[in-house]
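Here is a friendly walk through one protein chain, from its overall layout to some individual side chains. Keep the sequence and the 3D view open as you read.

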Amino acid sequence: MTAVTDLPSAPTQQSLQLILARNLISTLSTAAFIVDPDGVVVFYNEAAGDFLGIRYEETGKVPLSEWRGRMGPVDAEGDPVAETDMPIDIAHRDRRPVHDTGRVRPAQGEERSVEMLALPLIGTDDSYEGAVGVFWSRDGGRE
């Protein structure tokens with residue numbers, strides 16, 4: 001029998017902040033995801049799965065680089081955006097909140113204009129526990 005902690009969708013036991021963040025974003029109707037301190041997307045909610053065209057239960061944890069590839073961030077000319085310019089990367093690297101607008105071209109969809117918010121998760125002892133990214137369509141359509 002497989003233990004719950006062995007499943008790719010189980011929250012890590014190392015961080016209460018990650019567990020609480022997962023509980024929160026799983027209730028949101030806005031697309032959201034969690035990155036752990038190692039730069040791994042450890043969970044994304046149903047709205048993010050709808051946006052990407054693939055559910056978390058199908059992918060499990062994925063490296064942030066793979067997440068970026070699925071999101072497909074592009075600049076005004078349609079060229080890929082440098083990973084260092086993405087809000088989640090800035091929040092992860094600099095441990096500060098970031099808000100931005102941009103364009104994405106998800107692997108399973110058409111190009112869209114989005115609002116993006118990334119917030120670092122800081123523990124009670126000021127330790128960095130990861131980051132939460134939230135995004136929504138500016139085109140008036142559903143995420």
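Read from start to end, the chain runs α-β-β-α-α-β-α-β-α-β-β-β. That makes five helices and seven strands, where helices (H or I, at least four residues) and strands (E, at least two) are DSSP runs numbered from the N terminus. Please note that this is a predicted model, in which local features need pLDDT of at least 70, side-chain atom pairs count only at pLDDT 80 or more, and totals for chains, interfaces and linings use all residues. Residues are numbered from 1 along each chain as its sequence is written, and side-chain values use heavy atoms, with hydrogens and water left out.

Of the 143 residues in the chain, 46% are buried; buried means under 20% relative accessible area, exposed means over 50%, and partly exposed lies in between (1.4 Å probe, protein chains only). Contact here means heavy atoms within 4.5 Å. Among contacts between residues at least 6 apart in sequence, 44% join residues at least 24 apart.

**Helix α5 and the cavity**

Helix α5 is a good place to start. Six of its eight residues are buried, so α5 is largely enclosed by the rest of the structure. Those buried residues are P87, I88, D89, I90, A91 and H92, and their cover includes β1, α4, β5, β6 and β7. After α5 comes R95, with a positive phi near 60 degrees even though R95 is not a glycine. R95 sits in the loop between α5 (87–94) and β5 (98–104) and is partly exposed, at 41% relative accessible area.

The model has two cavities of 30 Å³ or more, and the largest has a volume of about 120 Å³. Among the 13 residues lining the largest cavity, F33, W67, M86, I88 and M116 are the closest to its centre. Helices α4 (64–71) and α5 and strands β6 and β7 each supply at least two residues of that lining. For this search, a cavity is a set of points on a 1 Å grid over the protein atoms alone where a 1.4 Å probe fits but cannot get out, and lining residues have an atom within 4 Å of a point. Grid points are joined across faces, edges and corners, and a volume is the space filled by probe spheres set on the points.

**Three buried residues**

D36 lies in the loop between β1 (31–35) and β2 (40–44). D36 is buried but has no salt bridge, and K61, the nearest side chain of opposite charge, is 6.1 Å away. Charge is counted simply: Lys and Arg are positive, Asp and Glu are negative, and His and the chain ends are not counted. The D36 side chain does reach the backbone nitrogen of D38, at 2.9 Å. Beyond its neighbours within four places in sequence, D36 is in contact with L18, V42, H92, E129 and G130.

N45, in the loop between β2 and α2 (46–52), is buried with a relative accessible area of 3%. A polar atom of the N45 side chain lies 3.0 Å from the backbone oxygen of I25, and one lies 2.8 Å from the backbone oxygen of T30.

M71 belongs to helix α4 and is buried at 5% relative accessibility. M71 and R105 are 34 residues apart in sequence, yet their C-alpha atoms are 6.2 Å apart.

**Salt bridges**

Side chains of opposite charge can pair when their charged atoms come close. A salt bridge is a side-chain nitrogen of Lys or Arg within 4 Å of a carboxyl oxygen of Asp or Glu. The whole structure holds eight salt bridges, including the three below.

| Pair | Closest N to O distance |
|---|---|
| E57 and R55 | 3.6 Å |
| E111 and R103 | 2.8 Å |
| R138 and E115 | 2.7 Å |

R138 lies in the segment after β7 and E115 in strand β6, so this pair ties together parts 23 residues apart in sequence. R138 is partly exposed at 46% relative accessibility, whereas E115 is buried at 12%. Salt bridges with shared partners also join R93, D94 and R96 into one network. E57 is exposed at 58% relative accessible area, while R55 is partly exposed at 39%.

Notes: Polar contact = N/O pair within 3.5 Å; in protein donor to acceptor, adjacent residues only side chain to side chain. 1 Å grid on protein atoms, 1.4 Å probe; cavity = no way out; pocket = protein on both sides within 12 Å on 5 of 7 lines; lining within 4 Å.
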